[in-house]
Amino acid sequence: MTGQQSASAFVSSGPIMLIGAGNMGGALLTGWLKNGVPGSSVIIVDPNPAEAMRKMIADAGASHVTEAPAGVTAGVLFIAVKPQLMDAVLPPLKSLVGEGTVVVSIAAGKTLSSLQQHLGAAAMVRAMPNTPAMVGRGVTGAFANAEVSDHQRQLVHNLLKVSGPVEWVPDEADIDSVTAVSGSGPAYVFYLVECMAEAGRKLGLQADLAMRLARETVAGAGELLHQSPDDASRLRQNVTSPGGTTAAALSVLMAEDGMQPLFDAALEAARKRAQELAG
């Protein structure tokens, strides 16, 4: 997670309103408070947050309400609810959107056009974080419509980057590809651990030992990738001795029918599904 920023990095024309304090919303709120967002500038709208979330909100001096408050215009309206709940959640939020509001949605597959149908024309950002945001190690893809000002874009960038790097894309359609690569990507890595552990079990290792070895190997390799200035291909080459055991395994994984065509097909399926969800 980034170091604490000046509170001025989060100044907006009105309160920062977080709609939904579940896993992703809660992770962002935690990051905001740790990185210098004054609790007094945040209003959380959630009918039933977890007890730990209620305590954090109270300790930070933030406000919690169960429904959209009357007479309030948000500076940033941050919508962090599940896509299937959006049609029910959005209509009451229209009163919170004013001339200076920027709306940020992290709902997968929900286009800015679908948001505008409920909220009207406004400055809007569609963002796709991923679950490592919960430990401050996420990455977020984001797209801003033409109504977003330079100041609003920087403000949203500051709010998103508390959980990791933010990558802005030039076209909204790119968010579907971001979803396929990084939004859904943590699940691919977790499944890689499962596959490695199962292969180790088949080689004769105890199942729990194989899982520990696979889990720590992937976690350690990820941390090395995070800290090293070298790209992934260089790091791979660094651990691959010609004619050695790693080279033998990679000859299978990198074969013409190996991992690359599987990933091509998997990510295309994910992108297609994101497009279908967007209607």
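**Close-up views of a predicted model**

**A. Being three residues apart in helix α11 (residues 259-278), E268 and R271 are separated by about one helical turn.** In this predicted model, the two side chains form a salt bridge, and the closest N and O atoms of E268 and R271 lie 2.9 Å apart. E268 is partly exposed, its relative accessibility being 37%, and R271 is likewise classed as partly exposed, at 31% relative accessibility. Side chains of opposite charge can pair when their charged atoms come close.

**B. A salt bridge in helix α7 joins E198 to R201.** The closest N and O atoms of this pair are 2.7 Å apart. Helix α7 spans residues 185-202, and because E198 and R201 are three residues apart in this helix, about one helical turn separates them. The relative accessible area of E198 is 32%, which makes this residue partly exposed, while R201, with a relative accessible area of 38%, is also partly exposed.

**C. In helix α8, the salt bridge shown is formed by D208 and R212.** Between these two residues, the closest N and O atoms are 3.6 Å apart, a separation that falls within the 4 Å cut-off for a salt bridge. D208 and R212 are four residues apart in helix α8, which covers residues 207-227, so about one helical turn lies between them. D208 has a relative accessibility of 47% and is therefore counted as partly exposed, and R212, at 48%, is counted as partly exposed as well.

**D. Salt bridges link R126, E172 and D176 in a network.** This view brings together one arginine, R126, with the two acidic residues E172 and D176. Taken over the whole structure, the search for such contacts finds nine salt bridges.

**E. Strand β1 (residues 16-19) is paired in parallel with strand β2 (residues 42-45).** Four bridges join β1 to β2, and in this pairing M17 of β1 stands opposite I43 of β2. Between the two strands the chain passes through helix α1 (residues 23-34), and the resulting β-α-β crossover is right-handed. The side chains of β1 are divided between its two faces, with I16 and L18 on one side and M17 and I19 on the other, and all four are buried, which leaves both faces of the strand covered.

**F. Strand β4 (residues 76-79) pairs with β1 and also with strand β5 (residues 102-105).** Towards β1, the pairing is parallel and consists of four bridges, in which F78 of β4 is the bridge partner of L18. Towards β5, the strands again pair in the parallel sense over four bridges, and here V76 stands opposite V102 of β5. V76 and F78 point one way from β4, whereas L77 and I79 point the other way, and all of these residues are buried. L18 and F78, the bridge partners named above, are thus seen in a setting where L18 is buried in β1 and F78 is buried in β4.

Methods. Residues numbered from 1 in each chain as written. Predicted model: local features only at pLDDT ≥ 70, side-chain atom pairs only at ≥ 80, totals over all residues. Heavy atoms only, no water. Buried < 20%, exposed > 50% of the residue type's maximum accessible area, 1.4 Å probe, protein only. Pairing = 2+ DSSP bridges. Right-handed = clockwise from strand over helix to strand, strands pointing away.
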